[in-house]
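Student: I would like to learn how to read a model such as this one, feature by feature. Could we look at it together?

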Amino acid sequence: MQLCREFTNFNISYKRETNFIRILFAAKPQSHEEYTDIYLYLLYIKRKAMKAMMLTGIRNMEMRDIPEPKLVNSNDVKIRMSVLGICGSDIHYYTQGQIGSQKVQYPFTVGHEGAGVVVEVGNSVKRVKHGDQVAIDPAMPCYECDQCLAGRHHTCRNLRFLGCPGQAEGCLMEYIVMPEKSCFPLTGKLTTDHGSISEPLAIGVYAEKKSGGVKGLNTGIFGYGPIGMSVMLAAKANGVNKIYVTDLIDERLAIAQREGSFTCNPTKENIIGKIMHEEPSGLDVAFECCGKQETLDQAVELLKPGGKLIVVGIPEFEWWSLNVEKTRRKEISLQFIRRQVDCVEQTLEMMKNGLITIDNMVTHRFPFERTKEAFDLVAGYRDGVMKAMIDF
Ligand SMILES: [Zn+2]
Ligand SMILES: [Zn+2]
């Protein structure tokens, strides 16, 4: 709860999480002046209001006026949002109201793949200045717990992540305030689109790194949404030999083909037979990127002995199952991926150097007011959508 102003007999506070203004009376306002004070203060809040697109129920969202956020700490940075990429997790909250145990309390704002322009900085901020374009890393770790001290900020015990229920509101709003460490200046030819895409792309870069590297290896990517594509771009940038991509949607496979991958659609062809025909000894590394049991099974089937299975996808079910015989006899290594850590800067650098181009990633754009249309499009996998962007 952030106290905005103190009065003698009452105070007014505003809770950003619930968009709630509360007036606390120590005693009933006595004078005309006190009532005027309250009135003027509410007017002040309204004048300082900004637009936020808030989830208000399953498949419902509304544009609401809420007060602009203020700098609280000396390392805070206030950002005017420019662009936001819609993520699969945003869609989960929109259509289901939850991901696993993380449940939305309405109204709530999602969105975490953002970039914008710095409009105000706290006294101790050095990395960015007014007017800088920045990529926003949505993770706000505590930097104090055992995980943070071990360099595992992504599994921080006290992590706050933008647009994650119970942690922090998302950035589907005109202004947000972030700690300096979450802001990465966009320099050279990097645009705010690069900044926004750096969020999912960093997960691909991290997954490739956690696989031990794919240089010269034959790789499978099972599920080709924005995360599968991010893994593919990272693998290409790191000198992969051949990439086999599977997905149910032909438009997505067409993008993978344009990126030079060998593709197959399991609804139309026997992908095991087709890939084994091309690669008789099997794949070196398989990335599961859609969170489905059958793709995990296919990955296990297609891996060669000693192969590595990297699980990036987020399933809607609670338990994975693994074939004992196949995983044991082939001695498959298994690595799960939780978002990413320390990969944003490297990802931006790879885009700046032309190692990664995102030209085929963004397929749709919508203005802020039409966010709901964009969510419905992505939720329905319509019109060959890969990444839909919101422009503020
Ligand atoms: Zn995301
Ligand atoms: Zn921590």
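Student: Which residue in strand 5 is the bridge partner of A52?

Tutor: Strands of a sheet pair through backbone hydrogen bonds, either parallel or antiparallel. In this model, which is predicted, the partner of A52 in strand 5 is R64. That pair belongs to a ladder in which strand 4 (residues 49–57) and strand 5 (residues 60–67) run antiparallel and are joined by eight bridges. The two strands form a hairpin with two residues between them, and R59 in the turn has a positive phi of about 55 degrees.

Student: What is the strand order in the open sheet of six strands?

Tutor: The order is 17-16-15-18-19-20, and the pairing is parallel. Strand 17 (262–264) and strand 20 (333–336) are the edge strands, each pairing on one side only, and from one strand to the next the twist averages 20 degrees. As one instance of the parallel pairing, strand 15 (residues 218–222) and strand 16 (residues 242–246) are linked over five bridges, with G220 standing opposite Y244 of strand 16.

Student: Which strands does helix 8 lie across?

Tutor: Helix 8 (residues 293–302) lies across strand 15, strand 18 (283–288) and strand 19 (303–311), and runs at about 175 degrees to strand 18. Helix 7 (residues 271–278), for its part, lies across strand 15, strand 16 and strand 17, running at about 160 degrees to strand 17.

Student: Which residues touch the most other members of the largest nonpolar core?

Tutor: In soluble globular proteins, nonpolar side chains tend to be buried together. Here the largest nonpolar core has 98 residues, of which V231, A286, F287 and V312 touch the most other members. Helix 5 (residues 226–237) supplies the largest share of this core, eight residues. The core lies between domain 2 (71–185 + 361–391) and domain 3 (202–336), because both of them give residues to it. To follow one of these core residues outward, leave aside residues up to four places away in sequence: A286 then touches G220, F222, A299, L302, L303, G307, L309 and I310.

Student: Where does pLDDT stay under 50?

Tutor: That stretch is residues 1–6, for which the model has twelve contacts beyond four places in sequence. For the protein chain, by comparison, pLDDT averages 92, and 92% of the residues score at least 70.

Conventions:
Residues numbered from 1 in each chain as written. Chains lettered and ligands numbered in written order. Predicted model: local features only at pLDDT ≥ 70, side-chain atom pairs only at ≥ 80, totals over all residues. Core = buried A, V, L, I, M, F, W, Y, C linked by C-beta atoms within 7 Å. Buried ≥ 20, exposed ≤ 12 C-beta atoms within 10 Å, placed from the backbone. Helix = DSSP H or I, 4+ residues; strand = E, 2+ residues; numbered from the N terminus. Domains from an automatic or database assignment. Contact = placed C-beta atoms within 7 Å. Pairing = 2+ DSSP bridges. pLDDT = per-residue confidence, 0-100. Axes fitted to C-alpha atoms, helices over the stretch in contact; angles between N-to-C directions.
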